[in-house]
Every structure is written in C-alpha cells, then in structure tokens.
Amino acid sequence: MPALVVVLVLAVLVPIETSGESVTGSGLRGLVTLSPTRPVCIEELPCSKPAAGVVIVFRREGGSVTQVKTRADGTYRLSLRPGRYRVVAPRYRIGSGITPQMVRVPRGRVAHLDFEIDTGIQ
C-alpha cells in the first residue's frame, strides 16, 4: 500500500508533457473576431463578430505546430510551451490575415490575448 501512495504522489508532482505541449500552465486564451463583416459599417450595427469554428495555427520557432478551433462564441484556450509563435488562420488568406501574427507565451501562466481576422471585405 505505501508504494501505491508514493506512485500517486509522484504522478501529481511530476510534470507530464503530451503532444509537445507543456501542462505546467503555460498557454493562451481569448476571443477571436472577424472584421469587417459588411462593406459599410453602421453605428447601430456591429462591424465585427465572433469567429466561430475557426482554426488558428501556432508555429513555434524550431518547427512545432499546434492548432486550436474556436468555440461557437469565438473564444479559444490552449496549452503551449513558453516562447515565441507565428500565428495564422489558414482559412482566411484574403485581407491582412490575423492580428497579431507573432505572439509570446509566458512561462507558468495562461495569458489573455485576443485576435482579429481581417475578412478582406472592403
């Protein structure tokens, strides 16, 4: 029985890595919006909307790639190793793409970062 307790304690204390992602608490979360959503923006009507079901790709210097799909409300959350990443939204090649295009993931925390995707509507 004592050996089982040691194994359980070690399982809780030792960080585990899966799929190249760290489970030490580093990552990003936020809202992704599409803008503009119409050719002419009117004060009473929003000119942007949540980007539901959009795939966002994070490419780390050195080659690792991680992607996340936004929820119906445009929010996302993912674990990433600390470091710098180039960000793209492959489905949106028209317009200026996603902003920001370079991000830094801090060590030991999930940072809040919103993205905007230029739809190319003029």
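**View 1. Polar contacts made by the side chain of Thr 70 in the predicted model**. The side chain of Thr 70 comes to 2.4 Å from the backbone oxygen of Ala 51, and a polar atom of this side chain also lies 3.0 Å from the backbone nitrogen of Gly 53. A polar contact here is a pair of N or O atoms within 3.5 Å, where, within protein, one must be able to donate a hydrogen and the other to accept it, and residues adjacent in sequence count only if both atoms are side-chain atoms. This is a predicted model, in which local features need pLDDT of at least 70 and side-chain atom pairs count only at pLDDT 80 or more, while totals for chains, interfaces and linings use all residues. Residues are numbered from 1 along each chain as its sequence is written, and side-chain values use heavy atoms, with hydrogens and water left out.

**View 2. The surroundings of Thr 70**. Thr 70 belongs to the loop between β6 (65-69) and β7 (75-79), strands being DSSP runs of E with at least two residues, numbered from the N terminus. Because its relative accessibility is 5%, Thr 70 counts as buried (under 20% relative accessible area, with a 1.4 Å probe and protein chains only). Leaving aside residues up to four places away in sequence, the residues that Thr 70 touches (heavy atoms within 4.5 Å) include Val 32, Ala 52, Val 54, Ile 56 and Tyr 76.

**View 3. The open sheet of four strands**. The strands follow the order β6-β5-β8-β10 with antiparallel pairing, where two strands pair if DSSP finds at least two bridges between them. β6 and β10 (102-105) stand at the edges with a single partner strand each, so one side of each has no neighbour in the sheet. Antiparallel strands β8 (residues 83-88) and β10 are joined by four bridges, and Gly 83 stands opposite Val 105 in β10.

Methods
Buried means under 20% relative accessible area, exposed over 50%, partly exposed in between (1.4 Å probe, protein chains only).
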